[in-house]
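Colleague: I have the sequence and the structure open and would like a close look at a single helix to begin with. Please carry on from there to the sheet and to whatever residues deserve a second glance.

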Amino acid sequence: MDIYKLLQNNIQSKINKSKLYGSDCNLLSQKIYDETRRQVSSSTIKRFFGLIRCNFKPSKYTLDTLSEFVGFKDWNDFKTCNNHSNPLNTNVRSWDLLKERMMLVTMNSLELLKQKTNYKKQQTIFRQQERQRFEKFEASSLPATLFIAPNGYGKSTLMIQLLEKYFLIKNGKYENDIVCLIDGEIFFKLFSRNSHIDILNQLLEFNIHSDHNFYFQKHPEKRKGRLWLIIDDVDDVFIEQKGYSEFVENIMQIMMINEDGWFKVILTCKPNNLDVFNRVFHRKPFLKSLWFDVRFSSENFIDSINIPLLSKSEIKTLLKLHHNKNELTDIFTRYKDLLEITFNPHLLSLFIDNLRQNDNISEVLLLNHLIMAEIFSPPFLEEKMYLIKRYVILCKRGQESNWVEKNQLLSNSSFEPAYNQLLSDGIIYENFKPTNSIDLRLMVNFTQKTILEYIIFRSWIKNKNCSTDLFFEIAEYYKNNQLMECSMVTFFLKMTIFNKKFDIIKDIQDKLLKIAIHDKNENTNLSVCMRTFSSVLKVLMENNNELKNYFNN
């Protein structure tokens with residue numbers, strides 16, 4: 001391609017114009033000045049793009065300015081990096097130039113990831129298990145690995161930490177390595193600004209004849225280190241399956257061509273989007289052997305998750321980073337039950353944020369916040385609300401089982417985008433379950449049992465207030481499912497205390513005692529219900545002085 005035409009294409013890609021018209025040139029002239037502080041008139045731009053006939057070539061000033069606008073130092077830099085007949089090797093700084101180009105992409109992605117995750121280095125921990133996994137991958141001969149988890153498990157935070165610890169430290173072990181971090185959500189924005197970087201083109205349209213991408217493969221003596229491609233949320237690059245599938249195949253093609261261990265790939269994705277990888281492996285099974293420590297499961301994607309939930313010690317460490325020592329003892333005493341649902345890093349973050357605003361938060365408040373923020377929120381707000389309501393109906397409020405058949409839940413294909421969003425966000429997951437026949441059915445369940453149980457409890461009180469009659473109605477409904485009965489009794493107590501309806505709790509306690517005395521514990525179901533009620537009430541009373549005073553008086 002003519003070098004001038006290539007520069008034109010770079011400019012058009014950056015401003016997202018497939019064709020430039022005269023009316024665009026004034027805006028482009030201003031944009032160039034805003035970014036470079038160098039003036040190129042609209043008439044000069046029209047001549048450069050052939051909108052005005054011109055018999056002479058553009059001046060070096062014009063070419064230098066336009067080259068700088070699309071990310072190069074000057075016109076000579078642009079020509080050097082785009083000379084396909086003699087790629088890069090005329091410049092002794094070719095590795096350093098490529099590193100500079102990649103770093104522009106990396107820093108753009110890094111800045112956005114920090115904004116999205118509200119990342120604060122001093123308030124995060126670099127989890128030992130994930131650090132060790134990266135170091136083992138780095139030392140292995142395999143070219144690629146995947147970090148797989150639903151939203152909220154800390155994938156993006158982990159990528160930020162890897163960059164800061166291993167690649168952005170001066171005089172570090174990886175100082176000479178080139179790293180290209182790509183935030184999958186803004187891939188096309190990065191591409192439009194950096195279309196001259198060949199590896200970004202390769203990801204979109206694999207071309208084995210591209211000299212740039214394989215120059216360092218052909219000339220290992222020119223390398224100063226390794227090239228790392230890190231894509232966070234690779235499944236966010238394309239919404240539609242065809243594009244995502246081709247993108248994944250291109251990544252694998254690049255991995256195969258660039259051998260000898262100098263090219264490394266790290267991807268993150270959600271477990272429900274692994275089906276694209278599995279389809280590629282079905283056609284080309286040998287590609288599966290390129291991946292380090294990844295469980296590709298097509299039957300139960302939840303088994304593929306390789307970023308664990310937080311341990312109790314990690315939760316304690318994170319809380320110490322946000323609170324002083326004196327506060328910690330009180331937090332662990334008052335919020336013992338609440339901390340049991342904060343093993344998801346995002347839930348712990350919600351807990352910490354709520355604690356800053358209100359030092360007397362409850363599980364009810366936290367779960368309300370979570371459900372509104374993570375489920376009943378855009379995109380597909382109304383559709384998700386419908387699916388959750390239908391889920392509760394189909395599982396009969398968990399009377400016997402919390403599993404729902406996917407075909408029944410997703411009976412209308414128009415709800416599929418909302419369903420996929422719930423999968424992507426890690427709210428629900430799929431699994432094949434045997435039926436009474438020899439068939440396997442694709443079933444759906446909530447990733448976190450507590451969230452589903454709370455949603456089910458909310459369905460009980462939606463059109464009714466918490467009352468003594470409702471309590472016994474719930475106890476009778478779950479007489480054949482003691483685990484669910486215990487959960488509903490627990491939530492009933494917590495909601496009643498949250499609303500300070502202590503008289504209802506006292507009334508239920510008195511009636512349970514009368515029933516126990518009258519039936520002499522022959523009613524097994526109510527006996528279980530009473531034991532649950534008493535034990536939960538005792539724990540809640542320890543951390544609620546107002547409730548304690550009510551019963552003592």
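Modeller: Let's start with helix H17, which covers residues 345–357 and so has 13 residues by the DSSP assignment. From its first C-alpha to its last, H17 reaches 19 Å, close to the 18 Å expected at 1.5 Å a residue. Keep in mind as you look that this is a predicted model. The buried residues of H17 are Leu347, Leu348, Leu350, Phe351, Ile352, Asn354 and Leu355.

Further along the chain, have a look at how two other helices meet. The axes of H19 (residues 381–394) and H21 (residues 416–424) come within 9 Å of each other and cross at roughly 80 degrees. H19 is therefore roughly perpendicular to H21. On the H19 side, the contact is made by Glu383, Lys384, Leu387 and Ile388, while H21 brings Ala418, Tyr419, Gln421 and Leu422. By type, the residues of this contact between H19 and H21 divide into five nonpolar, one polar and two charged.

Just ahead of H19 there is a backbone detail to check. The peptide bond from proline 378 to proline 379 is cis, with omega near 0 degrees. Proline 379 sits in the loop between helix H18 (363–374) and H19.

Now turn to the sheet. Four strands form an open sheet in the order S1-S4-S3-S2, and the pairing is parallel. The edges belong to S1 (144–148) and S2 (178–183); each has a single partner strand, so one side of each is left without a neighbour in the sheet. From one strand to the next, the twist averages 10 degrees.

S4 rewards a slower look. S4 (residues 263–269) pairs with S3 (residues 227–232) in the parallel sense over five bridges. S1 and S4 also pair in the parallel sense, again over five bridges. If you step along these pairings, isoleucine 230 has isoleucine 266 of S4 as its bridge partner, and threonine 145 has isoleucine 266 of S4 as its bridge partner too. For leucine 229, the bridge partner in S4 is valine 265.

How many of the residues of S4 are buried? The count is seven of its seven residues, and S4 is mostly covered. Both faces of the strand are covered: Phe263, Val265, Leu267 and Cys269 are buried on one side, and Lys264, Ile266 and Thr268 are buried on the other.

Two helices help you to place the sheet in its surroundings. Helix H12 (residues 241–257) lies across S1, S3 and S4 and runs at about 155 degrees to S4. Helix H6 (residues 94–117) lies across S2 and S3, running at about 35 degrees to S2.

Lys264 of S4 also leads to another residue of interest, because it is among the contacts of glutamate 138, with heavy atoms within 4.5 Å. Glutamate 138 belongs to helix H7 (residues 128–139). Is this glutamate 138 buried or exposed? Its relative accessibility is 11%, which is under the 20% cut-off, so glutamate 138 counts as buried. Leaving aside residues up to four places away in sequence, glutamate 138 touches Lys173, Tyr174, Arg226, Trp228 and Lys264.

Another buried residue is asparagine 278, found in helix H13 (residues 275–283). Its relative accessibility of 14% is why asparagine 278 counts as buried. The C-alpha atoms of asparagine 278 and phenylalanine 296 are separated by 7.0 Å, with their positions 18 residues apart along the chain.

Lastly, two loop residues are worth a look for their backbone angles. Aspartate 293 has a positive phi of about 50 degrees although it is not a glycine. Aspartate 293 lies in the loop between H13 and helix H14 (312–322), and at 45% relative accessibility it counts as partly exposed. Arginine 37 likewise has a positive phi, near 60 degrees, in a residue other than glycine. You will find arginine 37 in the loop between helix H2 (22–36) and helix H3 (42–48). With 56% relative accessibility, over the 50% cut-off, arginine 37 counts as exposed.

Terms used: Residues numbered from 1 in each chain as written. Predicted model: local features only at pLDDT ≥ 70, side-chain atom pairs only at ≥ 80, totals over all residues. Heavy atoms only, no water. Expected span 1.5 Å × (residues − 1). Buried < 20%, exposed > 50% of the residue type's maximum accessible area, 1.4 Å probe, protein only. Axes fitted to C-alpha atoms, helices over the stretch in contact; angles between N-to-C directions. Parallel < 35°, antiparallel > 145°, perpendicular 65-115°, else oblique. Nonpolar A, V, L, I, M, F, W, Y, C, P; charged D, E, K, R; others polar. Pairing = 2+ DSSP bridges.
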